[in-house]
Amino acid sequence: MKLKSYLKLFKISNIDFSKKIGISNVSLSRYITGERLPEKSILNKIFKLTEGLVDANDFFLSNSPSHDLSEIHKEEIKKMIFNIREGKLKDLAKAITLVESSLKLHNAQADLLLSKLKHNKKSLRIGITGVPGVGKSTFIETFGMSLIDLGYKVAVLAIDPSSKRTGGSILGDKTRMMKLSVNKNAFIRPSPSQGNLGGVAKRTSESIRCLEEAGFNIIFVETMGVGQAETTVYDMVDIFLVLLLPSGGDELQGIKKGIIEMADVIIINKADGNLKNTAEITMSEYKNAQNMISNIRVDISPEVFLCSSTESTGIKKIWNFIKKFEKVRRDSGSFYKTRVQQQTKAIWRNISLQSQDHIEYKLKSKDSIKKIIKDVEKNNFDVNNASRIIFDSIFKSNS
Ligand SMILES: Nc1nc2c(ncn2[C@@H]2O[C@H](COP(=O)(O)OP(=O)(O)OP(=O)(O)O)[C@@H](O)[C@H]2O)c(=O)[nH]1
Ligand SMILES: [Mg+2]
């Protein structure tokens, strides 16, 4: 990063910094403005002092990949934020499109947008998982409508990197959530159609922030309970609901091992018609199998409920428990603490994502790297040395 940005970020004055590296304040200012280039020994000192955050390239290369937005683009974002706060859904949709986009300009605009959003401490983020067809969308429709009746604003996002959802995500979600999709207090955004799980997850957490800025106070994140996406969703929500079918154990239902242990609420859905009895048996099985349910949250234990999303039964009890869960965790401080921990996890998730992109798009196409790999293939070079050289070219640092 540029030295100027470093000093600003760490709130270090020019005078203090110049003293630390043993130069005059005037010289430092010249390095910062680019009027002069620091010599090797000074560069070394700056590198060490900033733990590698500021290196020689930051002085010798002009503004690396330009993230500078024109005034028009900045103005556009300002207006967008204003409109989002006014509750204009068109601007909200545009903001989410920016966040989901992979275009460089959009990324820069999204960065600016996200930097201006407040941290919403009042919203409740609810993760919902379960095998395809268990009734997640139908549950969200019924539950969401009852929350709107209570005065909440409800948003729905879906995470599914594979896009193998029944009926295609847009059509599937909107037809399963007919009433919500036309309600002015609801907003449904189907899963971004492509990308790896990490990428989809990053865009989902950023979309959550946009939704909260627009005043949506209940955010549902729907995901299928068969893949790896659940832990990712778990790390971006406040409470995690697992929907089950009225039959057998979770393994029989094809739900991934470990997901039940993550549940804050287990819901046996489709407890209606001739499945009602089976649903009751399934519920008592789960209630009695407390040892199957580990207690991740220290302040409140998970509970099991029956529900029919089509007949709208059991919804109230579930909401009461969710409210209790929220209150207990807010009172104990763990609610917000978990959000903070989730942010830290998100930082590392984003970094590993960017590293993957860097390797994929920048590194693999370099002629020098291609040559090293060819040499390894021809047995002229060993794997260990080759990986070391490539690794060093990513992380050029003494540390
Ligand atoms: N009898 C009964 N049927 C239900 C209930 N909830 C959902 N269904 C039906 O189950 C089918 C699947 O419902 P969805 O809500 O699309 O299920 P989903 O879990 O969102 O499915 P995917 O998004 O494909 O993973 C639909 O035909 C629903 O009408 C319920 O409580 N009772
Ligand atoms: Mg669905």
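This tour goes through a predicted model, beginning at the sheet and ending at the ligand.

Select the strands β1 to β7 to begin with: they form an open sheet of seven strands in the order β3-β2-β4-β1-β5-β6-β7, and the pairing is parallel. At the edges of this sheet stand β3 (186-189) and β7 (303-306), and because each has a single partner strand, one side of each is left without a neighbour in the sheet. If you look along the sheet, neighbouring strands are turned by 20° against each other on average, with direction ignored.

Next, zoom in on the β3 edge, where β2, which covers residues 154-159, pairs with β3 in the parallel sense over four bridges. Within this region, select L157, which stands opposite R189 in β3.

Now add α9 (136-149) to the selection. This helix packs on the sheet and touches β1 (124-130), β2, β3, β4 (218-224) and β5 (239-244), while its direction makes about 175° with that of β4. For a second helix, turn to α15, residues 276-288, which lies across β5, β6 (265-268) and β7 and runs at about 175° to β7.

Finally, select ligand 1 together with the 20 residues that surround it, of which the closest are P132, G135, K136, S137 and T138. Colouring this shell by residue class will show three nonpolar, 12 polar and five charged residues. Both α9 and α10 (169-176) supply at least two residues of the shell, and α9, already met on the sheet, gives the most to the shell, with three residues.

Conventions: Residues numbered from 1 in each chain as written. Chains lettered and ligands numbered in written order. Predicted model: local features only at pLDDT ≥ 70, side-chain atom pairs only at ≥ 80, totals over all residues. Near = placed C-beta within 6 Å. Nonpolar A, V, L, I, M, F, W, Y, C, P; charged D, E, K, R; others polar. Pairing = 2+ DSSP bridges. Axes fitted to C-alpha atoms, helices over the stretch in contact; angles between N-to-C directions. Contact = placed C-beta atoms within 7 Å.
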